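This report describes a protein chain, going from one helix to the overall fold and then to two single residues.

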Amino acid sequence: MTTAQEAIAQTRQTDYDIDPININRWSPRSFLEKEVPEEALFSVLEAARFAPSAFNFQPWRFIVARTREEREKFLPFLIDFNRAWCEKVPVLILIVSQSSSENGPFPSHAFDAGAAWGALAHEAVRKGLMTHAMTGFDFDKARQALNIPEEFAIQALIALGYQGDKEALPPAMAEREKPSPRRPLEESVFKGVFGQPIK
């Protein structure tokens with residue numbers, strides 16, 4: 001059992017049988033400076049493309065930075081904490097969603113973009129890759145730097161790549177470099193009305 005698998009086993013026990021891909025997806029900050037093959041990158045984006053959306057509107061769009069020159073456009077709008085570890089990330093992906101259609105506001109655009117992110121994250125695990133979603137950046141600067149039209153809402157920035165050793169991180173970050181636990185199912189699922197325990 002690898003160190004990563006040991007950490008997952010210690011912090012992520014399930015009460016019911018689920019596909020391990022759900023447990024193995026977590027958000028590290030240590031990434032190898034190793035290029036993600038085009039086939040793997042487009043596979044995770046393909047998975048996102050097949051996410052469900054209301055009226056099949058598919059509001060999501062992905063702005064991908066995989067060259068040093070492209071990533072240099074992204075790094076300046078990150079907060080310092082995230083920029084410190086994102087310097088080594090081989091692929092950065094900004095998810096935006098179209099917030100209106102010809103019929104007016106599209107209420108589920110963020111929800112649908114979240115479904116696409118989930119599909120992307122799980123396919124990444126299947127390909128041996130890791131992801132880390134973040135909102136620790138200046139949305140206005142991102143919009144300006146990447147020429148994002150006003151009708152598109154910025155949702156999150158995704159780091160994508162191969163997991164690195166936690167020792168490569170500053171000590172304070174290395175301490176936090178482990179899968180996070182989850183609260184019990186009964187604290188998130190209610191019966192009939194909000195707050196009524198399901199069992």
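## Helix H6 and its setting

The 18 residues of H6 should span 26 Å at 1.5 Å a residue, and the C-alpha atoms at its ends are indeed 26 Å apart, so the two values agree. The model is predicted. Helix H6 covers residues 109–126 and has His109 within it.

The buried residues of H6 are His109, Asp112, Ala113, Ala116, Leu120, Ala121, Glu123, Ala124 and Val125. Their cover includes helices H2 (20–24) and H3 (38–49), together with strands S1 (60–65), S2 (91–98), S5 (130–134) and S6 (152–161). Just after H6, Gly128 has a positive phi of about 80 degrees.

## The whole chain

The protein has eight helices and six strands. Along the sequence they follow the pattern α-α-α-β-α-α-β-β-β-α-β-α-β-α. A compact globule of 199 residues would have a radius of gyration near 16 Å, and the value of 18 Å for the protein therefore agrees with that rule. Along the principal axes, the C-alpha atoms fill a box of roughly 50 × 45 × 30 Å.

Buried residues make up 41% of the 199 in the protein. Of the contacts between residues at least 6 apart in sequence, 74% join residues at least 24 apart. The exposed area of the protein is about 11800 Å², of which carbon and sulfur atoms supply 52%. The protein carries 23 positive and 27 negative charges, and the mean positions of these two sets are 2 Å apart.

## Two residues

Is His109 buried or exposed? His109 counts as buried because its relative accessibility is 14%, under the 20% cut-off. Phe190 lies in the segment after helix H8 (171–175). With 30% relative accessibility, Phe190 falls between the 20% and 50% cut-offs and so counts as partly exposed.

| Residue | Relative accessibility | Class |
|---|---|---|
| His109 | 14% | buried |
| Phe190 | 30% | partly exposed |

Which residues does His109 touch, not counting those up to four places away in sequence? They are Pro59, Ser97, Gln98, Ser99, Ala153 and Gln155. Two of the elements that cover the buried residues of H6 are strand S2 (91–98) and strand S6 (152–161). For Phe190, leaving aside neighbours within four places in sequence, the contacts are Gly195, Gln196 and Ile198.

Conventions. Residues numbered from 1 in each chain as written. Predicted model: local features only at pLDDT ≥ 70, side-chain atom pairs only at ≥ 80, totals over all residues. Heavy atoms only, no water. Helix = DSSP H or I, 4+ residues; strand = E, 2+ residues; numbered from the N terminus. Rg over C-alpha atoms; globule rule 2.2 N^0.38 Å. Buried < 20%, exposed > 50% of the residue type's maximum accessible area, 1.4 Å probe, protein only. Contact = heavy atoms within 4.5 Å. Areas by Shrake-Rupley, 256 points an atom, 1.4 Å probe, with all protein chains shown as cover. Lys, Arg positive; Asp, Glu negative; His and termini not counted. Charge placed at Lys NZ, Arg CZ, Asp CG, Glu CD. Expected span 1.5 Å × (residues − 1).
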